[in-house]
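Visitor: I would like a close look at a single part of this protein, with some sense of how that part sits in the whole chain. Could you walk me through one helix and what lies around it?

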Amino acid sequence: MTLRGAGSRLIVRAAIRQRLLSGAGGSPGAGSAQPSPTFLAGRSRGPCPVLRVTLLSWLPADCGAGCGSAVSRSCRGSDGRREAPGRAGLRESAQAAAAARRRTAGAGLLPEKNETLDHLISLSGAVQLRHLSNNLEILLKRDFLKLLPLELSFYLLKWLDPQTLLTCCLVSKQWNKVISACTEVWQTACKNLGWQIDDSVQDPLHWKKVYLKAILRMKQLKDHEAFETSSLIGHSARVYALYYKDGLLCTGSDDLSAKLWDVSTGQCIYGIQTHTCAAVKFDEQKLVTGSFDNTVACWEWSSGAKTQHFRGHTGAVFSVDYNDELDILVSGSADFTVKVWALSTGTCLNTLTGHTEWVTKVVLQKCKVKSLMHSPGDYILLSADKYEIKIWPIGREINCKCLRTLSVSEDRSISLQPRLHFDGLSNLQTSQMCPCWALERYLLYCLTTDTCI
């Protein structure tokens with residue numbers, strides 16, 4: 001009997017495939033029916049049993065019962081009897097089989113894909129590899145500092161601490177350029193270290209350089225590497241007084257002597273016999289000393305002779321200063337007073353009272369700013385005790401009044417140390433805090449000891 005039509009050709013192909021699979025040792029899917037010769041010889045309603053076996057043989061072994069049940073449903077009618085599958089049933093079965101093949105074949109193809117890529121890379125030249133590298137970087141990485149607007153980048157950088165920012169500068173040249181140009185970040189870092197910010201500086205890299213220099217110096221101080229140290233050997237007792245100027249250092253000791261040293265060479269230039277020195281100040285010709293014997297003396301370096309002796313204090317003299325132009329010497333004492341002397345004659349010109357503690361520092365300096373009480377070029381006398389700094393006029397009036405009294409705390413909970421510095425613009429005093437007064441308006445700036453450099 002001759003089989004005609006597309007259905008007949010499908011039945012023949014399915015039968016041939018089934019016989020080939022059976023001859024090769026293959027077995028049809030579970031639950032499938034074996035085709036019979038009588039089925040192929042007679043005209044039947046459709047290739048249901050053979051087609052079902054053939055479709056299941058194309059599916060992978062771990063497809064599961066889902067695909068098989070789909071094929072079975074397509075081969076049965078509403079009454080449960082086998083019938084030829086329609087086009088919708090065949091399409092559903094084919095789609096289920098394709099999806100199963102994709103799921104199972106995806107994992108198996110990964111090693112093959114990697115091997116293919118490795119082979120392509122081995123065949124590529126420098127140009128192709130560079131092209132591949134550039135494109136992979138775009139696909140896999142996102143440089144937000146490079147892609148974001150500069151304003152947004154600066155906003156994000158404000159949330160990072162300076163040490164993290166310095167680490168980020170090492171990422172790339174682009175990051176270093178953006179981070180270094182963020183002036184506000186580095187100004188804030190310098191403010192935290194105690195620097196006064198000058199807004200007139202236009203260089204965007206200036207404040208980063210200032211911060212790095214300050215950090216380096218703080219590290220050197222911590223590691224005891226900021227300064228070179230050397231010992232000056234010559235005194236035979238404790239050294240109480242020091243004064244440094246232009247590479248020369250004067251020392252006053254309890255061994256009743258004062259010496260002048262060249263710091264660069266460590267050599268002693270002069271050595272003279274004096275009283276016990278609590279304070280010293282010198283120039284090229286003379287040395288002025290304050291002593292625990294309540295007196296002040298002036299000495300000549302070349303001969304070692306005492307040229308003037310100032311008597312009048314009733315307590316130890318802790319600080320001295322003088323000015324040749326004014327022919328004035330000032331001294332601060334443990335008797336709570338400041339005395340003004342004629343440098344050339346040794347006469348006491350004035351005694352300034354008002355301190356309630358030992359006067360541990362006096363400074364005579366020319367003013368450089370204008371205020372309500374003085375003009376540029378006027379000389380000002382500052383005296384400091386444990387809690388206060390007083391500003392005095394330079395004159396010969398008896399019982400003259402203090403111009404101004406500066407203090408860090410009203411309740412005297414913070415004490416000052418005898419290290420007062422004045423440059424004509426502002427004065428600086430060390431304490432538990434680091435107070436600095438602007439002389440023009442007597443504004444007080446206080447920096448904690450943790451941030452002082």
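Guide: Happy to; what follows is a tour of one helix, its neighbours, and then a sheet from elsewhere in the chain. Please keep in mind that this is a predicted model.

Let's set the scene with the whole chain. It has 12 helices and 20 strands, and buried residues make up 36% of its 453 residues. Among contacts with a separation of 6 or more, 39% join residues that are 24 or more positions apart.

The part to look at closely is helix H11, residues 183-192. Which of its residues are buried? They are Val185, Trp186, Gln187, Ala189 and Cys190. The cover over these buried residues includes helix H8 (150-157), helix H9 (162-168), helix H10 (173-180) and H12. Just after H11 comes Gly194, with a positive phi near 105°.

Of these neighbours, H12 deserves a longer stop. Two packed helices are described by the angle between their axes and the distance between the axes. Here the axes of H11 and helix H12 (residues 206-222) come within 8 Å and cross at roughly 35°. The crossing of H11 past H12 is left-handed. On the H11 side, the contact is made by Thr183, Trp186, Gln187, Ala189 and Cys190; on the H12 side, Trp207, Lys208, Val210 and Tyr211 take part. Sorted by class, this contact has 6 nonpolar, 2 polar and 1 charged residues. Trp186, Gln187, Ala189 and Cys190 thus appear twice in the picture: they are buried residues of H11, and they also touch H12. An α-helix has 3.6 residues a turn, so residues three or four places apart point the same way. That is a handy thought when you turn the helix on your screen.

A biochemist may well ask about the cysteines next. How many disulfides are there? The count comes to 0 disulfides. Take Cys168, which is in no disulfide: the nearest cysteine sulfur, that of Cys169, is 7.2 Å away, whereas a disulfide needs the two sulfur atoms within 2.5 Å. Cys168 counts as buried because its relative accessible area is 16%, under the 20% limit. Cys298 is buried too, with a relative accessible area of 6%.

For contrast with the helices, here is a sheet. Strands of a sheet pair through backbone hydrogen bonds, either parallel or antiparallel. In this one, 4 strands form an open sheet in the order S9-S10-S11-S12, with antiparallel pairing. Its edges are strand S9 (317-323) and strand S12 (348-352), each of which pairs on one side only. From one strand to the next, the twist averages 15°. S9 is joined to strand S10 (residues 328-333) by 6 bridges, and Ser319 stands opposite Gly332 in S10.

The loop between S9 and S10 holds Asp327. Most residues other than glycine have a negative phi, and most peptide bonds are trans. Asp327, however, has a positive phi near 55°. Its relative accessibility is 29%, so Asp327 counts as partly exposed. Asp246 also has a positive phi, near 55°; Asp246 is found in the loop between strand S1 (239-245) and strand S2 (248-253). With a relative accessible area of 67%, Asp246 is exposed.

Definitions and conventions:
Residues numbered from 1 in each chain as written. Predicted model: local features only at pLDDT ≥ 70, side-chain atom pairs only at ≥ 80, totals over all residues. Heavy atoms only, no water. Buried < 20%, exposed > 50% of the residue type's maximum accessible area, 1.4 Å probe, protein only. Axes fitted to C-alpha atoms, helices over the stretch in contact; angles between N-to-C directions. Helix = DSSP H or I, 4+ residues; strand = E, 2+ residues; numbered from the N terminus. Left-handed = near helix turned anticlockwise from the far one by under 90°. Contact = heavy atoms within 4.5 Å. Nonpolar A, V, L, I, M, F, W, Y, C, P; charged D, E, K, R; others polar. Pairing = 2+ DSSP bridges.
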